[in-house]
Each structure stands twice: as structure tokens, then as C-alpha cells.
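Work through the exercises below with the sequence and the model at hand. Each task is followed by a solution in steps.

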Amino acid sequence: MEKFADSPSQQAVIRLILERGFSVNDEGRVVSGGIEIPNTGIAREIDVDRRVVDATTDAILADDQLRRIFQNISAIPSLMDLAPVLDLTALAITVRDAEESGIVATVTSAIADRGISIRQTISEDPEFTDEPKLYVITDGEIPGDLLNEIRGMAFVHKIELR
């Protein structure tokens, strides 16, 4: 993000690429696997001109470090939106300081200690969002006393069942 500090529009392009797990190929096209994502669609999604997307991908390819990063990104399917359909429980935890160590381990240990199977965890990077969250998707319901236990953890700002 520092490399694009002078351009909030280009930072928006970077955030979108990272959030969606898109990568940039040798031709400067934004792709998901082998499927090309049109720059006009990206621009429309974040309300910037298509040329901003072009300039961002050109800058990525011109920088060896950024090129290595953005050519190796891949998407991981999320169970968040599928949780209700699959009869899973999705817990979203907003933390006070996302850079504190042990957050994921503490939460997942508390859940596992209750014999609840965790299907997926996703932790948002504080670089890419103002209010990073930890998402935990479980096979079973999370009992109220466990929700209270998690809510009482020092690093927890708020929790939400989805």
C-alpha cells in the first residue's frame, strides 16, 4: 500500500484484487485462475476510471516485488455466505487490536474444547480493512455460555452470529 500512497484510487484497486483473491498475469490482466476479469468491471465495482486499473496493473508488473506477490495470489472459497444454507454457524469477531498474537488460537481452542467442529476460520488482515474481523464457521451451534466466554476475552470488541 505504501507504493501507492499517492493514489487512493490505485489503493482501492489493490484492495479489491487482494480481497477477491485475484492475481495479475504477465499481460497485466486481472485474473481469477485462468479467467480474465475485465478492467471495466473492476473499475465499475470501486467507482474509478478503467485507466486507473490499467495504471495499477502496469505498476505491479514494473515492480519485481509486487509482481511476485500479485502473480501468486489465489482465492480460497469462503463458507460465510453458505453457512445458513449448509446449516452451519458463522461467528464474526471484531477485535480491539488485530496485531495482538494468539487471537485465533484462543478463540478456536475455546470452541474446540467444547467439542464443536470448526469448518473454517478466516482472519482479515488489518492492512486491508479498517475493522478487521475473525470469522469462525462451525458445524454446530455455539451455546450462549461459550458466546459469553468469547465476548469476555480481553481482545474482543464485539461478536456477531451470522
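**Exercise 1. Contacts and overall build**

Task: For the contacts in the chain with a separation of 6 or more, find what share comes from residues 24 or more positions apart. Then describe the overall build of the chain.

Solution. The model is a predicted one.
- Step 1. Among contacts with a separation of 6 or more, 66% join residues that are 24 or more positions apart.
- Step 2. Six helices and seven strands make up the secondary structure. Read from the N terminus, their order is α-β-β-β-α-α-α-β-α-β-β-α-β.
- Step 3. The C-alpha trace spans about 50 × 30 × 25 Å along its principal axes.
- Step 4. Of the 162 residues in the chain, 39% are buried. The accessible surface is about 9400 Å², and carbon and sulfur atoms contribute 45% of that surface.

**Exercise 2. A residue in strand β4**

Task: Decide whether Ala90 is buried or exposed, and list what Ala90 is in contact with beyond its neighbours within four places in sequence.

Solution.
- Step 1. Ala90 belongs to strand β4, which covers residues 89-95.
- Step 2. Buried means under 20% relative accessible area. Ala90 has 0% relative accessibility and therefore counts as buried.
- Step 3. With neighbours within four places set aside, the contacts of Ala90 are Met80, Ala83, Val136, Ile137, Glu160, Leu161 and Arg162.
- Step 4. Leu79 is eleven residues from Ala90 along the chain, and the two C-alpha atoms are 8.4 Å apart.

**Exercise 3. The start of helix α2**

Task: Classify Asn39 as buried or exposed, and state which residues it is in contact with outside its neighbours within four places in sequence.

Solution.
- Step 1. Asn39 is located in helix α2, residues 39-46.
- Step 2. The relative accessibility of Asn39 is 3%, so Asn39 counts as buried.
- Step 3. Beyond four places in sequence, Asn39 is in contact with Arg29, Val30, Arg50, Val53 and Asp54. Arg50 and Asp54 also form a salt bridge with each other, which leads to the next exercise.

**Exercise 4. Salt bridges**

Task: State how many salt bridges the structure holds. For the pairs Arg50 and Asp54, Glu149 and Arg114, and Asp139 and Arg119, give the N to O distance and the place of each partner in the chain.

Solution. Side chains of opposite charge can pair when their charged atoms come close.
- Step 1. The structure has eleven salt bridges.
- Step 2. In the pair Arg50 and Asp54, the N to O distance is 2.4 Å. Both residues are in helix α3 (residues 50-62), and because they are four residues apart, about one helical turn separates them. Arg50 is partly exposed at 38% relative accessibility, and Asp54 is partly exposed at 21%.
- Step 3. In the pair Glu149 and Arg114, the closest N and O atoms are 3.2 Å apart. Glu149 is in helix α6 (residues 144-151) and Arg114 in the loop between α5 (103-112) and β5, so this salt bridge ties together parts 35 residues apart in sequence. Glu149 is partly exposed, with a relative accessible area of 38%, and Arg114 is partly exposed, with 35%.
- Step 4. In the pair Asp139 and Arg119, the distance is 2.9 Å, N to O. Asp139 sits in the loop between β6 and α6 and Arg119 in strand β5, so the pair ties together parts 20 residues apart in sequence. Asp139 is partly exposed at 35% relative accessibility, as is Arg119 at 44%.
- Step 5. Arg114 and Glu149 belong, with Asp145, to a network of salt bridges.

**Exercise 5. Surface patches and charge**

Task: Which residues gather in a patch of negative charge on the surface, and which make a nonpolar surface patch?

Solution.
- Step 1. The negative patch consists of Glu2, Asp97, Glu99, Glu100, Asp125 and Glu127.
- Step 2. Asp125 is in the loop between β5 (118-123) and β6 (133-138). Its relative accessibility is 35%, so Asp125 counts as partly exposed.
- Step 3. Leu82, Val85 and Leu86 make a nonpolar patch of about 280 Å². Leu82 is in the loop between α4 (64-70) and β4, and is partly exposed at 40% relative accessible area.
- Step 4. For the chain as a whole, the mean positions of the 16 positive and 29 negative charges lie 3 Å apart.

Terms used: Residues numbered from 1 in each chain as written. Predicted model: local features only at pLDDT ≥ 70, side-chain atom pairs only at ≥ 80, totals over all residues. Heavy atoms only, no water. Patch = residues over 30% accessible without salt bridge, like charges linked within 9 Å, V, L, I, M, F, W, Y side chains within 5 Å. Areas by Shrake-Rupley, 256 points an atom, 1.4 Å probe, with all protein chains shown as cover. Salt bridge = Lys/Arg side-chain N within 4 Å of Asp/Glu carboxyl O. Lys, Arg positive; Asp, Glu negative; His and termini not counted. Charge placed at Lys NZ, Arg CZ, Asp CG, Glu CD. Helix = DSSP H or I, 4+ residues; strand = E, 2+ residues; numbered from the N terminus. Buried < 20%, exposed > 50% of the residue type's maximum accessible area, 1.4 Å probe, protein only. Contact = heavy atoms within 4.5 Å.
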